[in-house]
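Q: Please give me a close look at the interior of this model and at what lies around it. Explain each term when it comes up, as I am new to this.

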Amino acid sequence: TDFTAPYWLPAQHVDVSQTWSTADLHVKVGEPITRTITLKAKGTTASQLPDLKPKQTDPSLKFYPDQAVTTDQKNNDGITAIREQKIALIPSKAGKFTLAAMDIPWFNTASKKVDVAHLPAVTITAIDAAPATNNNKIKTPVVDQTPTLEPTKLEASSTYSSLWMWLALILALAFIIILVLF
């Protein structure tokens, strides 16, 4: 039996599945969509489960994997290892992105043959976050109101500055009083 994977995964049964943070696989450009890949292997330990990070094929779709969570579940009929990998995907442009299928070869200890757990290819669709329409062009004069907001920001900033100044002064006086008492 030829086993050519970069890892050795002997098990009685292996299953791989995926879930998504959104059911329709549509996401706005610049917003994340989370893919959770779960690998379950009966008759082995979590330390033997391979890494589940798919290959990044399109530079316009960024991958941000979380730390994988691994557990061993003991049952009456043995042990089942579980590896869960969450990956945030963020598209930087609109379009369709196809994530390649994942094949996880493993050695079936019951049949003494090499089997493959398969995760099919998936296509996600990224849509523009704010499509340009005539309505957006009408709303652009709102920028003229921005100067009226600035004094409010300055007042809040100066209020915090004076608060910090008074707090620093009180703490300095308290420190001087403590030094005099000692």
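A: Helices (H or I, at least four residues) and strands (E, at least two) are DSSP runs, numbered from the N terminus. With that naming in hand, K112 can be placed in the loop between β9 (102–108) and β10 (113–119). The model is a predicted one, in which local features need pLDDT of at least 70 and side-chain atom pairs count only at pLDDT 80 or more, while totals for chains, interfaces and linings use all residues. Residues are numbered from 1 along each chain as its sequence is written, and side-chain values use heavy atoms, with hydrogens and water left out.

Now to the interior. The largest nonpolar core (buried Ala, Val, Leu, Ile, Met, Phe, Trp, Tyr and Cys residues joined through side-chain atoms within 4.5 Å) holds 30 residues, and V14, W20, L89 and I124 are those with the most contacts inside it. At least two residues of this core come from each of the strands β2 (13–20), β4 (33–42), β5 (61–65), β7 (78–91), β8 (95–99), β9, β10 and β11 (122–127). Strand β4 supplies the largest share, which is four residues.

I124 deserves a closer look. If residues up to four places away in sequence are not counted, I124 touches W20, L25, I33, L61, L89, G95, K96 and F97, where contact means heavy atoms within 4.5 Å.

One of those partners, L25, sits in the loop between β2 and β3. L25 counts as buried because its relative accessibility is 17%, and buried means under 20% relative accessible area, exposed over 50% and partly exposed in between, with a 1.4 Å probe and protein chains only. The backbone of L25 also has a phi near 60°, a positive value in a residue other than glycine. A phi near 60° is found at K112 too, again a positive value in a residue that is not glycine.

From the loop that holds L25, the chain can be followed to strand β3 (residues 26–28), where K28 has its place. K28 counts as partly exposed because its relative accessibility is 38%. Leaving aside neighbours within four places in sequence, K28 is in contact with P91, I127 and A129. K28 and S92 are 64 residues apart in sequence, yet their C-alpha atoms are 9.2 Å apart in space.
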